[in-house]
Amino acid sequence: MAATINGFNENGKRISSQELLQQIYKAMEAGETEFEVTSSGHHNIGGPLWDTDGKPLKFRVKNPGQRVASMGLDGTDIIVDGPAPADAGWLNAGATLTILGDGGDTTAHCAAAGKIFVAGRAGTRTGSLMKHDPAYDAPELWILKNTGSFSFEFMGGGIGVVCGVDAADPESVLGDRPCIGMVGGTVYVRGPVKNLSGTVWMMELDDYDREFLGKGMPDYLERIGRSELLNELTDWSQWNKIIAKSLKERGKVQRPTLKEFRNKKWVEGGIFSDVLPDDLHVAGMVNVGEDRLKIPHWQDKRYTAPCEYACPSHIPTQTRLNLLRAGKEKEALELVLEYTPFPGSVCGEVCPNPCMHSCTRSLMDKAIKIGALGQLSKDLPAPAVGEDTGKKVGIIGAGPGGLAAAWQLRKKGHAVTVYEADKEVGGKLRQVIPSDRLPADVLASEIDRIKAMGIDIQANTPVDRDLFDKINADNDATIIACGSHIPVVIPFPGHEKMVKGLDFLKDFNNGERPDLGKKVVVIGAGNSGMDVGLGALACGAEDVTCIDIQRPAAYQHEIDHFEAAGGTIEWPVETEKITDKGLVTKKGDLMEADTILIAVGERPDLSFVPHEWIGVKGLMEVDECFQVENAKEQTAFAIGDATEPGLLTLAIGDGADAAKYIDDLFAGRELVPVKKAEPIPVSCLSHELFKPQNRGRFCVTDPGHEIGRCISCGSCRDCEFCLEACPEGAIRRIEPEEGGFEYVSDDHLCIGCGICSGICPCGIWAMESFV
């Protein structure tokens, strides 16, 4: 028999919320655990309560006020007979709340655990600021009809389910401007959505989504007394999910650098420049030894060259050119194979070469031809394989990242098996990049070199959960390098008429030439969009236009290539819907098209891994050493697009780093994240010692001839300028027994004048205050 809690006194007058809550507390002290509450707008019913013996608490409430079930705890079950006003389930910490009517504004606001079931609609800002502590189950919010505007704004975690039954607004079941500021969690929605935030993706359901909804839907409908809707609401073709974009997918906010701010905005010389002048000038007597104000340090490789720092694969180009300068051509060309198995395919052909964009030489004339330098190593034989260690590693995915990891692991003597779903290895290098950008013979040659390392490649082998569990059991470590092969499709009205750009490129590279018609529109003007556009032109399309809602994200040379082939780019263009005639923009303009392709990004298929390994953004959760955070055994690693969208060369760098971590793991060494040294400040370099070339006459036919132009930032080029320029003869060049060379300054001769630092073209000598 439930305890009766009445919100009115014997005279029929409403009592205060505090008095009603005191009745509940008194009944609990008497051992009651079930309550029938007749309320009149009383606040906080079913809040943070618990039974001292751990028994569950049950409430049935009529006419509650704000914040029913606020901060409700695990073991509390609350049923509201009818609607509930604002803040129902606010800061829910584990309670189960069932509202047999509508929920007010901010239903489930800040919910962190537990489940909330709404039998009607929910108001404005429903689901806002939901969050998820990974130590507990994610909070869930199930709504039968629709929500008000600004739903799920600033959502950081948890799960929302909006069924769209008899929605009040037929144009958007989530109201206006849903998911603003959403950074985590998942919202499942059935029905149209309007003005969705640009920081999220709306995607089709995968197997895990259908399994989750399929398990939860019967219980939800039974709780709200609407089980007759089960068949209607389990037609998954009517559902989509909304997840947050990663930081990289959102794009960077352009802000001035600190240096730009100081030089252009701040007080010249600093706010104390009138009383604290620069102290670089050495006044007084000329001293040596401990009496010097400053002393020189030879800091070879203390800093990273800008090209190496910008290279996601960590390739030290300046070292390669220094070896060429020293006449060690074989060592120079083989050096790159220590970092990547794709110097010709990636570095030399398809990489956007961030190294060249960062090259210091570009401040004088033009960047070193680093990409072409990689082509010099494309035909080298495979390096020697290390002595067999008896350790085995399984790698899922034979794209650039997976093959780079396999390459590095084999060099260390570990046995490697690579599982690839496609008929041949190479991933997107082979599947989607047009042959006019990546010659097939170059890629084939480098893949043959990888195979020559003795890597066991299992092609035509899709990995499901059963096979993944077997791979984990049979190997000493596992790397998930599956890439991203699920195209993102924005569900505009008529989206089913669009062709997925990634699927088109895969078919194109397999030799198919579909008839796309004369006019083609490509949604997306990133690098993938340019490839899709070029493929459409190659299929015979006469008018190909790539559109984007913002400035095209493709690299300029990709844009130039596409436009030179006859394509056009338009931005900003926002899509309203797709029709049989073409694409209709938000402005109402019709872009006629026989075929519309979409290339706005891809997501990885991680349905084969345990769900707890996947983060709130649908990507693998890894630590700084690429170890899967929630794996029971610390032998599972994930790299590349499985963890974050990025360049092919980034996946190669991830693969090399993961191989190092696994080798350390096998050797019993502590895993320490790979950190690059900071890039050398431009102020350390002496540009005036190099003669700029006329940009208009600039021509490099042999990248090996770049040895004279490379400034060798941060790495000594052994030019002996410092030795010859020192007025006191304090600098000597020595050759240690272990090989190499170094320059030293004798303290008893050096006067700390700084000429060595000033004349060093590479920024090796640094003057430091003597303490």
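Which residue of β11 does Trp-201 stand opposite? That was my opening query, and I kept in mind that I was working on a predicted model.

**Entry 1: strand β10**

I looked up Trp-201 and found Ile-243 of β11 opposite. The two strands, β10 (residues 200-203) and β11 (residues 239-244), run antiparallel and are joined by 4 bridges. Then I checked the faces of β10. Val-200 and Met-202 lie on one side, Trp-201 and Met-203 on the other, and all of them are buried, so both faces are covered. That fits the general rule that side chains in a regular strand alternate between the two faces of the sheet.

**Entry 2: an open sheet**

Next I traced a sheet of 5 strands. It is open, its pairing is parallel, and the order reads β18-β25-β19-β20-β21. The edges are β18 (499-500) and β21 (568-570); each has a single partner strand, so one side of each has no neighbour in the sheet. I followed β18 to its partner: 2 bridges link it in parallel to β25 (residues 595-598). In that pairing, Val-499 is matched with Leu-597 of β25. I also noted a helix on this sheet: α18 (residues 556-564) packs there and touches β20 (543-547) and β21. The direction of α18 makes about 120° with that of β21.

**Entry 3: helix α17**

How many of the 12 residues of α17 are buried? I got 9, so the helix is largely enclosed by the rest of the structure. The buried ones are Gly-529, Met-530, Asp-531, Val-532, Gly-533, Leu-534, Gly-535, Ala-536 and Leu-537. I wanted to know what covers them, and the list includes α16 (501-509), β19 (519-523), β20, α18, β21 and β25. Several of those names were already in my notes on the sheet: β19, β20, β21 and β25 are strands of it.

I checked the length of α17 (residues 527-538) too. At 1.5 Å a residue it should span 16 Å, and its end C-alpha atoms are 17 Å apart, which agrees. Just past the helix, Gly-540 has a positive phi of about 105°.

**Entry 4: two helices in contact**

I turned to α9 (residues 343-350) and α14 (residues 440-451), which pack at an angle of about 145° with axes 8 Å apart. From α9 the contact uses Pro-343, Gly-344 and Ser-345; from α14 it uses Val-442, Leu-443, Glu-446 and Arg-449. Sorted by class, that makes 3 nonpolar, 2 polar and 2 charged residues.

**Entry 5: the cysteines**

How many disulfides does a search of the whole structure find? I found 0. I took Cys-625 as one case: the closest cysteine sulfur belongs to Cys-311 and is 20 Å away, too far for a bond. Cys-625 is buried, at 6% relative accessible area.

Cys-753 was my other case. The nearest cysteine sulfur to it is that of Cys-726, at 6.0 Å, and Cys-753 is in no disulfide. With a relative accessibility of 42%, Cys-753 is partly exposed.

I finished on Cys-311, which sits in the loop between α6 (306-310) and α7 (317-325). Cys-311 counts as buried at 9% relative accessibility. One more thing I jotted down: Cys-311 and Leu-650 are 339 residues apart in sequence, yet their C-alpha atoms are 8.1 Å apart in space.

How values were computed: Residues are numbered from 1 along each chain as its sequence is written. This is a predicted model: local features need pLDDT of at least 70, side-chain atom pairs count only at pLDDT 80 or more; totals for chains, interfaces and linings use all residues. Side-chain values use heavy atoms; hydrogens and water are left out. Two strands pair if DSSP finds at least two bridges between them. Contact means heavy atoms within 4.5 Å. Axes are lines fitted to C-alpha atoms, for helices over the stretch in contact, and angles run from 0 to 180 degrees between N-to-C directions. A disulfide is a pair of cysteine sulfur atoms within 2.5 Å. Buried means under 20% relative accessible area, exposed over 50%, partly exposed in between (1.4 Å probe, protein chains only). Ala, Val, Leu, Ile, Met, Phe, Trp, Tyr, Cys and Pro count as nonpolar, Asp, Glu, Lys and Arg as charged, and the others, Gly among them, as polar. The expected span of a helix is 1.5 Å times one less than its number of residues.
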